[in-house]
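Let's take a walk through this protein together, starting from its outside and working inwards. Please keep the structure open beside you as you read.

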Amino acid sequence: MEKHDTLLVSSASAEHRAHLREVLGERFNLLEAEHISQMLLLLRQNISCIAALVLDISQQEEIEHPILKKQENTALLRRIPVIVISKDDNPLTLNRAFGMGAADVIPIGYDPYAMLHRIENIVDLHLHKQYLETMVQEQAMELRQASNAMVDALSSIIEYRSVESGQHILRIRHFTKILLEEVVRCCPEYGLTEEMISVICSASALHDIGKIAIPDSVLLKPGMLTAEERELMKTH
């Protein structure tokens with residue numbers, strides 16, 4: 001996992017940047033920005049190591065800067081916790097900050113020791129959340145691989161038992177994929193994703209799985225089936 005040990009401090013006030021540097025500098029590596037555009041540039045360039053953004057809105061109304069509302073910038077900011085530093089903690093400031101997705105709001109005059117530990121806690125929680133998400137994704141991938149292996153194995157069994165079914169299963173998977181891709185093109189309202197298409201195509205390969213339970217005397221019978229045998233074949 002990449003090392004997230006840097007805070008990006010954005011403040012128009014040199015005095016506030018110096019104060020935050022003094023409070024946070026011994027615990028974190030720091031990057032400093034004087035305005036929003038510089039902050040976004042540094043964020044894009046260093047997103048792999050930035051643990052959190054400390055955004056000071058004490059000097060100007062940067063929290064509602066139009067550039068922050070652009071889709072690509074809001075997506076970037078969602079990747080890390082944003083800690084807002086303000087003049088005070090009045091309800092209006094809190095509502096605006098939390099409305100933009102801030103993880104916490106801390107007054108600039110807050111006790112330095114307490115400020116450091118609040119920021120450390122937020123960073124630790126975010127990193128733990130990232131670790132859990134990564135672990136879940138890895139486990140999901142392992143399950144998908146195991147599921148695909150099982151589907152392939154079952155398909156092979158069907159193919160082995162019935163020569164006719166082998167190419168049939170392959171064709172069904174291909175046709176299903178073609179049809180679903182057409183649905184994506186013509187009917188986006190269904191919201192089909194590549195992952196969903198992959199799952200459905202894999203499932204389609206099992207539509208004849210019941211043939212495994214049909215006796216060879218019926219499944220491989222060269223001639224016409226009797227009425228009783230047809231009923232047995234229907235159970236597949």
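**From the surface to the cores**

The accessible surface of the protein comes to about 14,600 Å², and 57% of that belongs to carbon and sulfur atoms. Keep in mind that this is a predicted model. Of the 236 residues of the protein, 34% count as buried.

Now for the fold. You will find 9 helices and 5 strands in the protein. If you trace the chain along the sequence, the pattern reads β-α-β-α-β-α-β-α-β-α-α-α-α-α. Contacts also reach across the sequence: among those between residues at least 6 apart, 63% join residues at least 24 apart.

With that layout in mind, let's look inside. In soluble globular proteins, nonpolar side chains tend to be buried together. Here, the largest nonpolar core has 20 residues, and the ones with the most contacts inside it are Leu8, Met39, Leu43, Leu53, Leu55 and Val84. Two or more residues of this core come from each of α2 (36–46), β3 (50–56), α3 (71–77) and β4 (82–86). Helix α2 gives the largest share, 5 residues.

Leu43 is a good residue to click on next. Which residues does Leu43 touch, leaving aside those up to four places away in sequence? They are Leu8, Ile50, Leu76, Leu77 and Ile80. One of these partners, Leu8, is itself among the residues with the most contacts inside the largest core.

There is also a second, separate core, made of 18 residues. Val23, Ala51, Ile106 and Ile119 are among its members.

Note on methods:
Residues numbered from 1 in each chain as written. Predicted model: local features only at pLDDT ≥ 70, side-chain atom pairs only at ≥ 80, totals over all residues. Heavy atoms only, no water. Core = buried A, V, L, I, M, F, W, Y, C linked by side-chain atoms within 4.5 Å. Buried < 20%, exposed > 50% of the residue type's maximum accessible area, 1.4 Å probe, protein only. Helix = DSSP H or I, 4+ residues; strand = E, 2+ residues; numbered from the N terminus. Contact = heavy atoms within 4.5 Å. Areas by Shrake-Rupley, 256 points an atom, 1.4 Å probe, with all protein chains shown as cover.
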